[in-house]
Amino acid sequence: MKNDRVTGQGRKVVVVGAGSVGATFCYALAQSGLADEIILIDRNEELARGQVLDLVHGKPFFPTVKIGAGTEDDYADAQLVVVTAGSAQRPGETRLQLLQKNAEIVGSIAESVSRQGCQGVMLIVTNPVDVLTCVALKRSGWERNRVIGSGTVLDSARFRYLLGNHCGVDVHNVHAYILGEHGDSEFAAWSMTNVAGIKINDYCPICNKCSDWKAERGKIEQQVREAAYQIINAKGSTHFAVGMSLLKITTSILRKQNSVLSVSVLLNGEFGLKDVCLSVPCVVSDGGIKKIISSPLDTEETVLLNRSAAVIKKAIDSLS
Ligand code: NAD
């Protein structure tokens, strides 16, 4: 198959892992008109070629973009490398064994991206994303602002959707973040949540939609935490909303948009935490993370953030 690609030009995004998440993200990215070139890499080269062929047949219907299957040489001039490569859990395999396997996959990709002299940003998506962001950071030798995990951007989107739906308000009028681990210990930062610029504690009495809003909050938070399990049980994997979340992060990087997103970042004293990657609100722009917003969390949220950090650190320490 002829590769439809030009190297060294414009906004180039390399996606490693041509499975459900990687391919869905490429589809969204192609439609967005944001990138000049999209390169898809997979250890299963035939799969990557097949996904590319399927995508290029849509070219009459989306903005002009070069799309091709690539190799690690493509990292050199990429503005963004998105890592969705990983192994799925096999029957009988423990989560720890899977972690070890995915750490080796993501670690060697990060080394290769760095070896090729890439000057861009690396975005880690493969799970467990916080632990693997730490691994990619270490193996690449890059500075922390250029190695980002997709973290809880997806979970925050789910949270905003559920809250907007519950309050009967457009999701775009809801500002809210899920912080901490992208996983079971994540939590809703209610102290930072507002609807139409009104703090949630002041908004609930105005909204007056439910009799026990404290209980409703707990339910919504639980629904966010269980969303991935629910979707995976129903259809095997999640890929649409995560694809859109990756597009949002990509937009902020390629367009220097300075969006505040709950990406996973190595903390270096912020929030009183060190040597752990987890999600906190960050300003995301062309060089990756421009600023970590040290939001003043309340006492309970601080406890929950520390709990998330402990969970992630334990997993990092389990890696040999
Ligand atoms: P998938 O199994 O469909 O795709 C993974 C792909 O990675 C496969 O095609 C495989 O061949 C490829 N791969 C494996 N090792 C490779 C290597 N060394 N080099 C290149 N390619 C390699 O899985 P998926 O559903 O696309 O999910 C991908 C990852 O994203 C999983 O770890 C999943 O848990 C994670 N995920 C993260 C989020 C998030 O919000 N962070 C959300 C959904 C899924």
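This passage describes the ligand site, two sheets and two backbone features of a predicted model.

Residues are numbered from 1 along each chain as its sequence is written, and side-chain values use heavy atoms, without hydrogens or water. Because the model is predicted, local features need pLDDT of at least 70 and side-chain atom pairs count only at pLDDT 80 or more, while totals for chains, interfaces and linings use all residues.

The ligand is surrounded by 20 residues, where a residue is near if one of its heavy atoms lies within 4 Å. Val 21, Asp 42, Val 125, Asn 127 and Ser 150 come nearest. The shell holds eight nonpolar, 10 polar and two charged residues. In this scheme Ala, Val, Leu, Ile, Met, Phe, Trp, Tyr, Cys and Pro are nonpolar; Asp, Glu, Lys and Arg are charged; the others, Gly among them, are polar. Domain 1 (2–149) and domain 2 (153–317) both contribute residues to this shell, so the ligand lies between them. The domain bounds come from an automatic or database assignment.

Polar contacts are pairs of N or O atoms within 3.5 Å; within protein, one atom must be able to donate a hydrogen and the other to accept it, and residues adjacent in sequence count only if both atoms are side-chain atoms. A polar side-chain atom of Ser 150 is 3.0 Å from a ligand nitrogen atom. A polar backbone atom of Gly 86 lies 3.2 Å from a ligand oxygen atom. His 182 places a polar side-chain atom 3.4 Å from an oxygen atom of the ligand. On its own, the ligand has 860 Å² of accessible area, and the protein covers 80% of it. Areas follow the Shrake-Rupley method with a 1.4 Å probe; for residues, only the protein chains shown count as cover.

Asn 127 also takes part in a cis peptide bond, with Pro 128, at an omega of about 0°. Pro 128 sits in the loop between strand S5 (121–124) and helix H4 (129–140). Helices (H or I, at least four residues) and strands (E, at least two) are DSSP runs, numbered from the N terminus.

One open sheet has three strands in the order S12-S15-S16, with antiparallel pairing; strands pair if DSSP finds at least two bridges between them. Its edge strands, S12 (259–261) and S16 (288–292), each pair on one side only. The twist averages 40° from one strand to the next. Axes are lines fitted to C-alpha atoms, for helices over the stretch in contact, and angles run from 0 to 180 degrees between N-to-C directions. Strand S15 (residues 282–285) pairs with S16 over four bridges. Val 283 has Lys 291 of S16 as its bridge partner.

Another open sheet is antiparallel, with three strands in the order S7-S10-S11. Strands S7 (174–175) and S11 (198–199) form its edges. Two antiparallel bridges link S10 (residues 194–195) to S11. Asn 194 has Lys 199 as its bridge partner in S11.

Asn 208 has a positive phi of about 55°, although it is not a glycine. Asn 208 is in the loop between helix H6 (200–207) and helix H7 (213–235).
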